[in-house]
Amino acid sequence: MQSPADILKDIWTSTGGEPAALEHMHLTGEEPQIPSSFRVAVAGQTTIAAAGLAAAEIWRLRSGEVQEVSVDMRHAVVECRSERYLRLDDKPPPPAWDAIAGVYRTGDNSFVRCHTNFPHHRDAVCKVLGCTPERDKVQAALLQWKGEDFETAVYAAGGVVALMRSYDEWSALPQARALAQLPLISIEKIGDARPKQWPKGDRPLAGLRVLDLSRVIAGPVAGRTLAGHGADVLLVSGPELPAIPWLTIDTGRGKLTTFIELKSEAGRAQLRQLLKDADIFSQGYRPRALASLGFSPEAAAEINPGIVYVTLSAYGHAGPWDGRRGFDSLVQTTTGFNHAEGKAAGVDGPKELPAQMLDHATGYLMAFGAMMAKARQAREGGSWHVRVSLAQTGRWLWNLGRLESGLNTPDLTGEAVHAAFMEKVSSGFGTLQAVRHSAVLSRTPAHWSRPAMPLGSHSQQWPC
């Protein structure tokens with residue numbers, strides 16, 4: 001199996017990173033760190049390291065100073081479970097899942113996973129099944145369905161579910177074959193523009209403006225990472241959009257947050273105005289949703305030549321599922337992880353990875369891709385489109401190999417985590433105990449200079 005250093009080298013050089021920069025990266029710790037047959041700790045460490053190294057490289061371009069970067073594996077995997085360690089006024093998080101979310105057996109003896117944390121997704125499941133939102137009612141109804149038929153019907157109704165597939169079953173699908181032709185991170189020039197000079201500032205991303213149009217984990221983690229290196233990150237949400245409050249708190253550190261109603265022309269005009277002065281536009285909307293509102297990558301490049309546009313999708317930008325909605329837990333189920341982990345554990349059914357690792361790793365890859373594209377823009381000019389997906393990150397994680405005794409690893413306790421990796425900060429919600437960033441830069445330490453605030457707390461404008 002590849003070492004963490006070699007895995008990081010592949011990520012770094014695949015996007016044009018100079019190999020010499022790797023001489024200043026220090027990776028510590030050994031796997032496994034948490035119970036899994038997959039190399040989840042290495043996935044967290046190397047993606048966080050890639051983003052940290054990109055920030056250090058931007059600082060070198062801006063200031064001429066070279067700095068050391070270090071990432072400890074245990075700290076990294078803790079950060080990739082930051083939402084479970086967050087404390088608000090010393091209180092732990094509430095239950096993470098809706099009452100009917102989770103795994104069910106179907107009439108053809110397969111398993112399906114329902115993701116119902118958003119009300120409209122829960123309603124879609126209940127509409128298809130013709131039942132009330134109660135676990136026993138959902139299970140009884142699903143015994144009348146074949147798994148794949150249910151998956152198809154719920155997606156058609158606007159919901160999100162996943163049939164559990166083995167890795168071989170997933171690999172035989174056209175979508176898996178399409179992903180196999182794509183890189184882990186795609187960075188493509190989509191327009192001409194002059195190079196933009198770096199603004200003045202004392203941090204790698206100081207003076208850079210990031211529009212963050214994302215929810216849940218992956219996209220918000222990307223924005224939090226960019227804010228941690230000094231960017232002005234403005235999280236744009238809608239007053240009617242559902243959100244998961246605990247995740248909003250955890251990933252909101254360092255960000256401004258405003259409401260814009262994108263279904264109205266007035267709201268779209270507000271976003272266009274913000275976009276004109278942005279450096280990075282990061283979005284995780286359902287594929288083609290923003291394009292229908294006038295904010296495709298190409299449209300954004302016309303509004304603001306030189307923009308770096310970052311797109312997150314569930315299943316990638318090619319293949320028959322390129323428009324399919326999805327979340328980490330569903331992609332794990334669909335692509336073979338839950339089946340494989342269950343088999344390794346001797347479980348009759350799905351077993352989840354011990355972290356939302358597809359989400360977190362993809363979030364750090366988004367931030368990494370955004371910074372690498374921004375460095376190219378400053379050097380070469382142009383407008384750039386960065387694309388990542390949960391399923392492609394999953395394909396990469398699978399190909400890192402398996403740990404034969406990984407599931408026997410003791411899990412990390414809350415007490416050990418809180419003693420080593422947490423910081424106490426104020427916020428618009430109360431006092432937080434939250435995980436510090438695990439990429440340690442010797443000259444420009446990452447930190448969040450703005451407190452997490454309730455959604456919509458700020459006006460629709462950039463800071464002066």
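**Group meeting: a three-stranded sheet, a buried helix and some unusual backbone**

Let me begin with the sheet, in which 3 strands are arranged in the order 1-2-16, forming an open sheet with mixed pairing. At its edges are strand 1, residues 25–28, and strand 16, residues 439–441, each of which pairs on one side only. From one strand to the next the twist averages 20°, and I should say at once that what we are looking at is a predicted model. As a reminder, strands of a sheet pair through backbone hydrogen bonds, in either the parallel or the antiparallel sense.

Strand 2, which covers residues 69–72, pairs with strand 16 in the antiparallel sense over 3 bridges, and within that pairing Val69 stands opposite Leu441 of strand 16. Helix 2, residues 40–63, packs on the sheet and touches strand 1, strand 2 and strand 16, with its direction at about 165° to that of strand 2.

If you follow the chain through the loop between strand 1 and helix 2, you come to Pro32, and the peptide bond leading into Pro32 from Glu31 is cis, with omega near 0°.

That brings me to the other backbone features, for which the background is that most residues other than glycine have a negative phi, and most peptide bonds are trans. Asp90, in the loop between strand 3 (87–88) and strand 4 (102–105), has a positive phi near 70° although Asp90 is not a glycine. Val216 also has a positive phi, near 75°, and lies in the loop between strand 8 (209–213) and helix 10 (218–228). Are these two residues buried or exposed? Asp90 counts as exposed, because its relative accessibility is 62%, while Val216 counts as buried, because its relative accessible area is 18%.

Next, please look at helix 15, residues 337–345, where Phe337, Asn338, Ala340, Glu341 and Gly342 are buried. The elements covering these buried residues include strand 5 (111–114), helix 14 (328–334) and helix 17 (390–399). Just after helix 15 comes Gly346, with a positive phi of about 70°.

Finally, a word on the cysteines, since the structure holds 0 disulfides. Why does Cys114 not form a bond with the closest cysteine? The closest cysteine sulfur belongs to Cys126 and is 8.7 Å from that of Cys114, so the two are too far apart for a bond, given that a disulfide requires the sulfur atoms to be within 2.5 Å. Cys114 also counts as buried, because its relative accessibility is 2%.

Technical notes. Residues are numbered from 1 along each chain as its sequence is written. This is a predicted model: local features need pLDDT of at least 70, side-chain atom pairs count only at pLDDT 80 or more; totals for chains, interfaces and linings use all residues. Side-chain values use heavy atoms; hydrogens and water are left out. Two strands pair if DSSP finds at least two bridges between them. Helices (H or I, at least four residues) and strands (E, at least two) are DSSP runs, numbered from the N terminus. Axes are lines fitted to C-alpha atoms, for helices over the stretch in contact, and angles run from 0 to 180 degrees between N-to-C directions. Contact means heavy atoms within 4.5 Å. Buried means under 20% relative accessible area, exposed over 50%, partly exposed in between (1.4 Å probe, protein chains only).
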